[in-house]
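User: I want to learn how to read cysteines and record annotations in a structure. Can you walk me through this one?
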Amino acid sequence: MASVLRYRKLCITEPMLRSYESSETPKDEKQAIETLKVDKKQEKSQTIEKLKNKKKTWGCVNSCCWFIGCMCTTWWLLLFLYHCCPVSLVGFKGPEPPGVRLKNEGLSALHPVVLVPGMVTVGLELWEGRPCSRGLFRKRLWGGSFTGILNRPLCWLEHLSLDNETGLDPPGIRVRPVPGLVAADYFAPGYFVWAVLIENLATIGYEGKNMYMATYDWRLSFQNTEIRDQSLSRLKANIELMYVTNGNKKVVVVPHSMGVTYFLHFLKWVEAPPPMGGGGGPGWCAKHIKSIMNIGPAFLGIPKAVSAMFSAEAREVAFIRAMDPGFLDSEILGLKTMEHMMRVTRTWDSLISLLPKGGDPIWGDLDSAPEDGHECHFETKSYFQSNSRENNNSRNKDSTGPRIQLKHRTKYGRIISFGKTASEQHSSKLHKVAPMELMQVISNATCGEIWTEYGKINRKNIQKLADNKAYTAETFIHLLRYVAPKTMQRAEAHFSHGIATDLDDPKYAHYKYWSNPLETKLPDAPEMEIYTLYGVGIPTERSYVYKLSPSDKCNSIPFRIDSSAEGGCLRGGIYFVDGDESVPVISAGFMCAKGWRGKTRFNPSGSATYIREYRHKPPGFLEGRGLESGHHVDIMGNAALIEDVLRVAAGASGEDIGGDRIYSDILKMSDRVNIEL
Amino acid sequence: MPTAKRRKGGNSKKPTTSGQQSAPKIDDKIEERKTEKEKKPKDLNNNPHNINSLKKERSKRSCIDNCCWLIGFVCSTWWFLLFLYNAMPASFPQYVTEAITGPTPDPPGVKLLKEGVKAKHPVVFVPGIVTGGLELWEGHPCMDGLFRKRLWGGTFGEVYKRPLCWIEHMSLDNETGLDPPGVRVRPVSGLVAADYFAAGYFVWAVLIANLARIGYEEKNMYMAAYDWRLSFQNTEVRDQTLSRMKSNIELMVATSGEKVVVIPHSMGVLYFLHFMKWVESPAPMGGGGGSDWCDKHIKAVMNIGGPFLGLPKIVAGLFSAEAKDIAVARAVAPGVLDLDIFGFQTLQHAMRMTRTWDSTMSLIPKGGDTIWGTLDWAPDADHVCVAKKVKKNDTQAGENGVGFVDFKTHNYGRIISFGKDVAELHSSKVERVDFKGAVKGNSFANRSCRDVWNEYHEMGVGGLEAVADYKAFTVESVLELLQFVAPRMMKRGGAHYSYGIADNLNDKKYEHYKYWSNPLETRLPNAPEMEIFSMYGVGLPTERSYVYKSSPAAECYIPFQIDALAQGGSDQGCLRSGVYSVDGDETVPVLSAGFMCAKGWRGKTRFNPWGIKTYVKEYNHAPPATLLEGRGTQSGNHVDIMGNFALIEDIIRVAAGATGNDLGGDQVYSDIFKWSERINLQL
């Protein structure tokens, strides 16, 4: 066909045509001319077609290029303009940060400040790894941009896991916490953790010499951070150094989240004699510490850790979720995201430290709990909404009725119940299985690849577990011991979750009790002040409705949160109470409201305690994560909280900043908790 | 035709993909066309015009569109390549390298790991001048948004964006030598402070990576970052840096049960000398560690490229801001400092800034004429400058006595001479006019210079002429010269540093901190088991003395500049562009780096009363063989030596427990022992 076209092109030229037209020609020739004329028309239209054709290819690839070029150029131009214009012009001018205001009031740095970050927020970097991690030496595996997950997910998981026997490094891998303020100022680019507080402290005169970030490997059990990295010794040395170099001024410690229990551990460790402890002697805390300002403390554990341990579902990794909702649910790692997550997180001993402590007296038994009578109101515009499970039903319901009154008392004490009815029935009607029946482990050797320990449990036994219907905080520990024997065996050498009956028992000198405020005494430091600062007004996970997972696949997690269970405080299979989205009020506030208030057996020297609550207010447009947030992490940018921390660091006492400040029912709840003090 | 009007920038230059494939389609469409055209025959006649106008339209549009297209194309290609690069396995570049150059030798860390060497002693790094990062903690409004961002180190982006603001923040107060009011610039802490100076320009990173191979990590490696702009004692006064270092060393010793190996580099060497005296001295001036602190805590001090006795470079730096001690910056971006980025006063601004940095004065040559030579004599005068191959030729060197003039030797002792002929004449022939009594004369009183503070503006023409008339300056007279031209700076510096040689070390005055960083005015600590290594590169021409001329321009200019026209000619080529050079590592002459370990501290001397063992380890410079090697694994350059495999291996062995003798004792390529012998110093 192409050759014919070419032939026509050769034949048809204007002079030729004219000569044909002028001369007399037979009919068939005329016909030929006719055809040629048509051909001429064709040719012309053909050129148009050709042009059109060219245009078409332009349209496809080239206009793509053109478009990209346009975008790039515009972007560069804007970027250039942005960089050119004076800095003060850029961006929206927020209200005056508390640091500036307090500086104008005349506040200046006085006491050195120690920041103790919580779980997850500290960056981890690679020091030695397998060949697959080549080129990542001293690059962040955790924190930062998380590019490692996308580039080499399995390699990344392997490096973040710990050895499931020892809870320490697997052979050939060394992943270590990033030191210094950079470790936890931003968790990911733009997602601040400590940065706002640091900046405000710097405004009133703090700098590297009187501000110390006590980073530690948050995956390890607390005592292991000392054994492997000497993190506790390092913290002690730095506090002593700052105390001396800043004119014998005591330090103000600001722990956050799990850092709170880590610092409790430190308080006991530093007084204990070597080799187990730091050998600081009983007067160390009184000499070196002015006050401890616990932010969002998980003193008594968090229920979230329950579901994390049980089914890897309660995203303790709430930060990731906040940044990228649904990220963990997408199947980036193949079909076993959750299972991989579970395998990795179960090697992290520190997670066990967050399991609810104090058992039934604190967290409630099958029929009653301190939070009884809590009214759930999910605000339509609340923070919770944006981060809630992907559950359209509940969302619609909310928008119609923003405030739902309780018809019956929610049984919060049942941390885990199987089925919605089981969560509501009276305990006498519940089907119970004697714990002894559960103790039959039948190993199943076929599921070796992903180590979740569920592979070793017979399906029948799983059914039996579900038959027990409801677990309280105490029985849940038994349940965990059954479904994750190795994890619990390892971790229970490092943590304890009970309540001490006799604190003078010599067994409490062991380090596994040090991070449990209900099994230790506060140090003998009557002048030391303990603050608990936390957000309220956000629905916080408290107990779960579970169901058996239908899939019978090897290695799959046999339990799932029953996200269809709805009603009252129950949404998406989870009962909510007041808190800061991660820590319920009872866990954050109880110790300071009652357990340590005045002289109790947990606080023999009578250190003063203060409760500072911050009511959550969702951020307005352009406000970023808000200046009045009560959210577990965003509270670090809460202006009122920052002001309190700054004032205390500049020398104020708890009374100076106004004593208690309470919005929630914490005092009422604490009254209901019946423990010997 | 409606379709034609929609036509955009179809470019006739662009080839269509293929005529053959589109041909059948065209035929189909031709049929449709025919019917269309039969309806509108006029359009047919207009068609050629239409096409022409289309072409015109196209050429109009093609200007911008093609640009966009090109950028888009480049961008997409770039992204695609970037994507490929990221998707490529990390080991790929090495395969390529190995394919081209053959298998690369194992890095020393890997090699020693295979030998079974394990981490033992904790390691302390003491970075030198310039290489440590500085970050902003408090600043003027012009520095908004840069809180805790690096002002020094990293990308140096701010220099370009707001140069004057940057200069203002990097400068210190010229009275106190501390922060100016309202500005707090602090050293970055941790290993990140000096692992890379700028992106891709390693300082400590290679050493750190190799140490990590044999098991080091954050807990047994400590970077003693300090603000290198301050005088050494002021780092303690302002930031408690020395206390911090002491505390960290004690912590590491306590947690690991082993003494530390200290690795100072460049000015860090002097800083650590200061530290060793400080830690033993009683509080409040010192750290109160007691006289056996070093013995208890330090196994070895492995000085890399240590300017024990100062740098001639710094003289020119202070005198005319010309000797780019900021060699690192220069290597990163050659000529940046010479560019007129700050308007017309780059050097003046640089001078104003650097003159507020007390630490530069710690590098002024120490030991006076005894070490650095008199007008006619210098210990290293017989150095033979050979352009490329470093070869020592002893036969050419005559016996040098005082007063013996030989054009084959150089008057290195004259650190500064005015004019090339002055540099070569015998001292008896040089007419010198003493400048000290000279009246400085009226200042220029030029308002336009006010924002650029350097003390030259306070001097009159008379003073400047007097300086030039003195013709030649030795190290000792250079000190007087600096005191003359920059009295305020030298007064500040004089309170923190001293440059002499002690006659009697028992004198009480030597307990003052200003003597602590001068090895010729202090004793080494009582730590007989400690070892001191001096490790430095040789084989590179290193600045030793300068030929100056008066600068013709007046007013805001610096009145003196190096006479870049002075060339050595056939005279063995030691004089190049007004600078006499000698053997060294491009920054530190051999004499300064090696003398203390070769002679001053060798055996039991008055500077080393307890007989600490000293070793001289020289590393001969070999330029990188190929471009792929980067900055080379055998470099002797002052900074690049930190990537020298031989040096890294030595350090790792010592850190793993070896002693100096295990390493093979001295390793000398230069004439350091010969030159040291010539120095007549009471020991």
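User: Which residues of chain B does the UniProt annotation "transmembrane region" cover?

Analyst: Residues 63–85 of chain B, according to the unreviewed UniProt entry. Treat that as a record, and such annotations may be inferred rather than shown by experiment. Then check the coordinates, bearing in mind that this is a predicted model. Over residues 63–85, chain B is 100% helix and 0% strand. The end C-alpha atoms of that stretch are 33 Å apart.

User: On to cysteines. How many disulfides does the structure hold over all chains?

Analyst: A disulfide is a covalent bond between the sulfur atoms of two cysteines. The cut-off here is a sulfur pair within 2.5 Å. The structure holds 2 disulfides over all chains. One joins A:Cys132 to A:Cys155, with S to S at 2.1 Å. Another joins B:Cys142 to B:Cys165, at 2.0 Å.

User: Where do B:Cys142 and B:Cys165 lie in chain B?

Analyst: B:Cys142 sits in the loop between strand E2 (134–138) and strand E3 (150–152). B:Cys165 is in helix H7, residues 163–170. The two are 23 residues apart, and the pair links distant parts of the chain.

User: What does the disulfide of A:Cys132 and A:Cys155 tie together?

Analyst: A:Cys132 lies in the loop between strands E2 (124–128) and E3 (140–142) of chain A. A:Cys155 lies in helix H6, residues 153–160, so the pair ties together parts 23 residues apart in sequence.

User: Why is the disulfide of A:Cys132 and A:Cys155 called right-handed?

Analyst: Look at the torsion about the S-S bond. For A:Cys132 and A:Cys155 it is about 85°, so the disulfide is right-handed. For B:Cys142 and B:Cys165 the torsion is about 80°, so that disulfide is right-handed too.

User: Is A:Cys132 buried or partly exposed?

Analyst: Use relative accessible area; under 20% counts as buried. A:Cys132 has 31%, so it is partly exposed. Its partner A:Cys155 is buried at 11%. In chain B, B:Cys142 is partly exposed at 32%, and B:Cys165 is buried at 7%.

User: Which cysteine sulfur is closest to that of B:Cys75?

Analyst: The sulfur of A:Cys72, at 3.0 Å. That is too far for a bond, because a disulfide needs the sulfurs within 2.5 Å. B:Cys75 is buried, with a relative accessible area of 7%.

User: How far is the nearest cysteine sulfur from B:Cys294?

Analyst: It is 15 Å away, in B:Cys597. B:Cys294 is in no disulfide. B:Cys294 is also buried, with a relative accessible area of 0%.

Notes: Residues numbered from 1 in each chain as written. Chains lettered and ligands numbered in written order. Predicted model: local features only at pLDDT ≥ 70, side-chain atom pairs only at ≥ 80, totals over all residues. Heavy atoms only, no water. Helix = DSSP H or I, 4+ residues; strand = E, 2+ residues; numbered from the N terminus. Buried < 20%, exposed > 50% of the residue type's maximum accessible area, 1.4 Å probe, protein only.
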